[in-house]
Amino acid sequence: MDFLDQFFFYDLTRLPFFILTILIAFTVHEFAHAYFANKFGDPTAKMLGRMTLNPAVHFDFFGLLLLVIAGFGWARPIPVNRDNFEKRRMMSVVVSAAGPISNLLLAVLGTIFYALFVQFGFMESIENKGIVFAISTFFSIFNVTNFFLFFFNLVPLPPLDGYRILEELVSPSARMSLQKLEQWSMLIFLILVITPLSRYTITPLYELATSWYVGIAQMIMSLFAG
């Protein structure tokens, strides 16, 4: 079974690494939203105790349960009052983009670390094969998942961050038209994600995430090749 299949049907040896990845990825993502919202003048998330790196504050029970069962779920969204921003449109875009960008940074840093581990022989020096499996499995899941979350959250469809960015970039009249379609957005979202159509929507994003992981890892190793 290849990596993309495993992502949706993890066996027990890989499930802990997926859960750990999600705990980190979702927590940092939501914290980034809260941090920049507070930085720009909206203390809503901070006042509600959401500007924290405590995973328990950010996770939704059913979202986490679905993640464990199907490999797909959600965290509790950060409340943002954009009317508190001095420059509403510009700051709203930054706050919305902060989450996906945080996942991109996690993915790039994780890929760099693992590529250097491999390039400098750290993995080969470990005699315990269980530890080697744990390290390689964690970094594979962690990096691909975070690259995927970066791409996925930029899709301009509610309730994703890409839609919130699009809302601020279009004209007021276009924004009103978009808002009229929001009542159907969750249905469209679920159809694209959990039906057979996902092979044309979700699977290509995983493939793109995997190619970025492999490509950046190869680039890093080539830079440090003897």
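Good morning. A residue counts as partly exposed when its relative accessible area lies between the 20% under which residues are buried and the 50% over which they are exposed. The structure I am presenting is a predicted model, and that scale will serve us throughout.

Let me apply it to Phe122. At 39% relative accessibility, Phe122 falls between the two cut-offs and is therefore partly exposed. Phe117, at 27%, is likewise partly exposed, because its value also lies between those limits.

I turn to how these two rings are placed. A pair of aromatic rings is described by the distance of the centres and the angle of the planes. The model contains 17 aromatic pairs. One of them joins Phe117 and Phe122, with centres 5.0 Å apart and planes at 45°, a tilted arrangement. What is the arrangement of Phe148 and Tyr206? That pair is stacked, with 3.9 Å from centre to centre and 10° between the planes. Phe148 belongs to helix 7, residues 129-153, and Tyr206 to helix 11, residues 198-223, so their pairing ties together parts of the chain 58 residues apart in sequence. Both Phe148 and Tyr206 are buried. For Tyr206 the relative accessibility is 1%, which is under 20%, and therefore this residue counts as buried. Tyr206 can also be related to Phe152: the two are 54 residues apart in sequence, and their C-alpha atoms are 9.1 Å apart in space.

Phe117 and Phe122 also take part in a wider group. Together with Tyr114, Phe138, Phe139 and Phe142, they form one aromatic cluster. Tyr114 leads us to Ser136, a residue of helix 7. Not counting residues up to four places away in sequence, Ser136 touches Tyr114 and Met123. Ser136 is partly exposed, since its relative accessibility is 21%. As for distance, Ser136 and Gly63 are 73 residues apart in sequence and 26 Å apart in space, taken between C-alpha atoms.

Next, the nonpolar interior. In soluble globular proteins, nonpolar side chains tend to be buried together. In this model, the largest nonpolar core has 40 residues, and those with the most contacts inside it are Phe26, Phe147, Phe148 and Phe152. Which elements give two or more residues to this core? They are helix 2, helix 6, helix 7, helix 10 and helix 11. The largest share, 12 residues, comes from helix 7. Phe147 shows what such a position looks like in detail. Leaving aside neighbours within four places in sequence, Phe147 is in contact with Leu104, Ala107, Val108, Thr111, Ala209, Trp212, Tyr213 and Ile216.

Two of the contributing helices, helix 2 and helix 6, deserve separate attention. Two packed helices are described by the angle between their axes and the distance between the axes. The axes of helix 2, residues 15-39, and helix 6, residues 88-119, come within 8 Å and cross at roughly 145°. This crossing is right-handed. On the side of helix 2, the contact includes Ile24, Val28, His29 and Phe36, while helix 6 contributes residues including Val94, Gly99, Pro100 and Leu106. By class, the contact has 11 nonpolar and 6 polar residues, with no charged ones.

Helix 6 also holds Ser92. Is Ser92 buried or exposed? Its relative accessible area is 0%, so Ser92 is buried. Apart from neighbours within four places in sequence, Ser92 is in contact with Arg82, Phe85 and Glu168.

Glu168 brings us to helix 8, where the buried residues are Asp161, Gly162, Tyr163, Ile165, Glu167 and Glu168. These buried residues pack against helix 2, helix 6, helix 7 and helix 9. Ahead of that helix there is a feature of the backbone to note. Pro158 and Pro159 are joined by a cis peptide bond, with omega about 5°. Pro159 lies in the loop between helix 7 and helix 8.

Finally, I come to Leu67, which lies in helix 5, residues 61-70. Leu67 is buried because its relative accessible area is 3%. The C-alpha atoms of Leu67 and Ile22 are separated by 8.5 Å, and these residues are 45 apart along the chain.

To close, I would return to the stacked pair of Phe148 and Tyr206, and to the 40-residue core in which Phe148 is among the residues with the most contacts. Thank you for your attention.

Technical notes. Residues numbered from 1 in each chain as written. Predicted model: local features only at pLDDT ≥ 70, side-chain atom pairs only at ≥ 80, totals over all residues. Heavy atoms only, no water. Phe/Tyr/Trp six-rings, centres within 6.5 Å; stacked < 30°, edge-to-face > 60°. Buried < 20%, exposed > 50% of the residue type's maximum accessible area, 1.4 Å probe, protein only. Helix = DSSP H or I, 4+ residues; strand = E, 2+ residues; numbered from the N terminus. Axes fitted to C-alpha atoms, helices over the stretch in contact; angles between N-to-C directions. Left-handed = near helix turned anticlockwise from the far one by under 90°. Contact = heavy atoms within 4.5 Å. Nonpolar A, V, L, I, M, F, W, Y, C, P; charged D, E, K, R; others polar. Core = buried A, V, L, I, M, F, W, Y, C linked by side-chain atoms within 4.5 Å.
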